[in-house]
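Work through the exercises below with the model open. Try each task before you read its solution.

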Amino acid sequence: MGVKIGVFPASGALGSSIVNHLAKLVPEPDLVLIARHPEKLYDFKQAGATLRRADYDEPSTLDTAFDGVDVLMLVSYASFETDYRIKAHRVAINAAIKSGVKHIFYSSLGFGGDLTDQSIAHVMGAHIETEKYLSSLKDKVSYTSVREGLYSESFPIYTAFYDLQNPADEVTIPHSGKGPGVTWVKRDELGEATAKLIASYVHDPTSFKYLNKAVLLSGPREISLAETVEILGRAVGKALKIREITVDEYVNLPGIADKQTYKGVNLSREWATAWEAIRRGETAVVSPALHEILGREPESFEDTIKAMVE
């Protein structure tokens, strides 16, 4: 019997990308796919994978979700709230240890510069705490924290929800666009590289170079927010520029509160810390890891955006 690889949650955007790539790298009967709606993964069941139902929001469902799993890919709780996420991750990690999981891959985020444990970005807080928690449990379980770079496809949350299908004439954010930028990276390439990391650990844990470490998967170049917006403009045929506003003005933009409210709490002011983090260079580090793991040059931000428009 092969090493059992669990993925939870296995059906979100990043989770499903990881699963699709893992299925090409390991036998499907070795996969245990755990999701809130496992029926969405029925094709994998037909190919031999085990499907289970569990949900971060129902902690008791995690009690036995990881039974029989040797290596777990834990995809972080989808939110940018801090306290609830930290608790949710801890419950899952504790359940995994209780079930006998030997190694946890954790999907962290590409703030914090060159793998530091400091970030001014509110969205990074839960990730840093979860990394620290995993590090404190090394006698019980080994881990790898995969700092997934900022998805190219997630540009709207950094550009006041700019819509390529209904493009506005300017981007109003609390940032001038100048200075350190973002090493944008295509989400499916993050999924592919993460799957390759898992497969490489499973194949030979003793020579795995990211044991009890973090790895940053970034895009191939740093792009300022001003250039980011110019690229969006070219893709939609507009001469697009940033108009810098204050955080107070940003928080009061129409529709922003609706998009950045979690469990009834408006977190748009907390979200605005992401621009300060970008300003300080937290998302500007170009890491060679993605290129090395994929074995090719990652897709450019321009190409990803062009494909999104088409």
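**Exercise 1. A bridge in the sheet**

Task: find the residue of E8 that is the bridge partner of serine 145, then place that pair in its sheet.

Solution. Step 1: in E8, serine 145 has alanine 214 as its bridge partner. Two conventions apply here: this is a predicted model, where local features need pLDDT of at least 70, side-chain atom pairs count only at pLDDT 80 or more, and totals for chains, interfaces and linings use all residues. Residues are numbered from 1 along each chain as its sequence is written, and side-chain values use heavy atoms, with hydrogens and water left out.

Step 2: serine 145 belongs to strand E6. Strands (E, at least two residues) and helices (H or I, at least four) are DSSP runs, numbered from the N terminus. E6 covers residues 142-148 and pairs with E8 in the parallel sense, over five bridges. Strands count as paired if DSSP finds at least two bridges between them.

Step 3: widen the view. The open sheet has seven strands, ordered E3-E2-E1-E4-E5-E6-E8, with parallel pairing. The edges are strand E3 (50-53) and strand E8 (213-217); each has a single partner strand, so one side of each lacks a neighbour in the sheet. From one strand to the next, the twist averages 20°. Axes are lines fitted to C-alpha atoms, for helices over the stretch in contact, and angles run from 0 to 180 degrees between N-to-C directions.

Step 4: add a helix. H3 (residues 83-98) lies across strand E4 (71-75) and strand E5 (103-109). It runs at about 170° to E4.

**Exercise 2. Two serines**

Task: is serine 145 buried or exposed, and what does its side chain contact? Repeat for serine 268.

Solution. Step 1: serine 145 has a relative accessible area of 1%, so it is buried. Buried means under 20%, exposed over 50%, partly exposed in between (1.4 Å probe, protein chains only).

Step 2: its side chain makes a polar contact of 2.7 Å with the side chain of glutamate 131. A polar contact is a pair of N or O atoms within 3.5 Å; within protein, one must be able to donate a hydrogen and the other to accept it, and residues adjacent in sequence count only if both atoms are side-chain atoms.

Step 3: list the neighbours. Leaving aside residues up to four places away in sequence, serine 145 touches Tyr106, Ser108, Glu131, Lys213, Ala214 and Val215. Contact means heavy atoms within 4.5 Å.

Step 4: turn to serine 268, in helix H9 (residues 268-271). Its relative accessibility is 0%, so serine 268 is buried. Its side chain has a polar contact of 2.7 Å with the side chain of asparagine 266. Beyond four places in sequence, serine 268 touches Tyr250, Val251, Ile256 and Gln260.

**Exercise 3. Checking helix H6**

Task: compare the expected span of H6 with its end-to-end distance, then find what covers its buried residues.

Solution. Step 1: H6 (residues 225-236) has twelve residues. The expected span is 1.5 Å times one less than the number of residues. That gives 16 Å; the end C-alpha atoms are 17 Å apart, which agrees.

Step 2: the buried residues of H6 are Leu225, Thr228, Val229, Ile231, Leu232 and Gly233. Their cover includes strand E7 (170-173), strand E9 (241-244), helix H10 (273-279) and helix H12 (301-309).

Step 3: look at H12. Phenylalanine 301 lies in this helix and is buried, at 2% relative accessible area. Among the residues that phenylalanine 301 touches are Thr228, Ile231 and Leu232.

Step 4: read past the end of H6. Glycine 237 follows, with a positive phi near 75°.

**Exercise 4. Backbone exceptions**

Task: which peptide bond is cis, and where do phenylalanine 161 and asparagine 212 lie?

Solution. Step 1: recall the background. Most residues other than glycine have a negative phi, and most peptide bonds are trans.

Step 2: the bond joining phenylalanine 8 and proline 9 is cis, with omega about -15°. Proline 9 sits in the loop between strand E1 (5-8) and helix H1 (13-25).

Step 3: phenylalanine 161 is not a glycine, yet its phi is positive, about 60°. It lies in the loop between E6 and E7.

Step 4: asparagine 212 also has a positive phi, about 55°. Its loop runs between helix H5 (187-203) and E8. At 26% relative accessibility, asparagine 212 is partly exposed.
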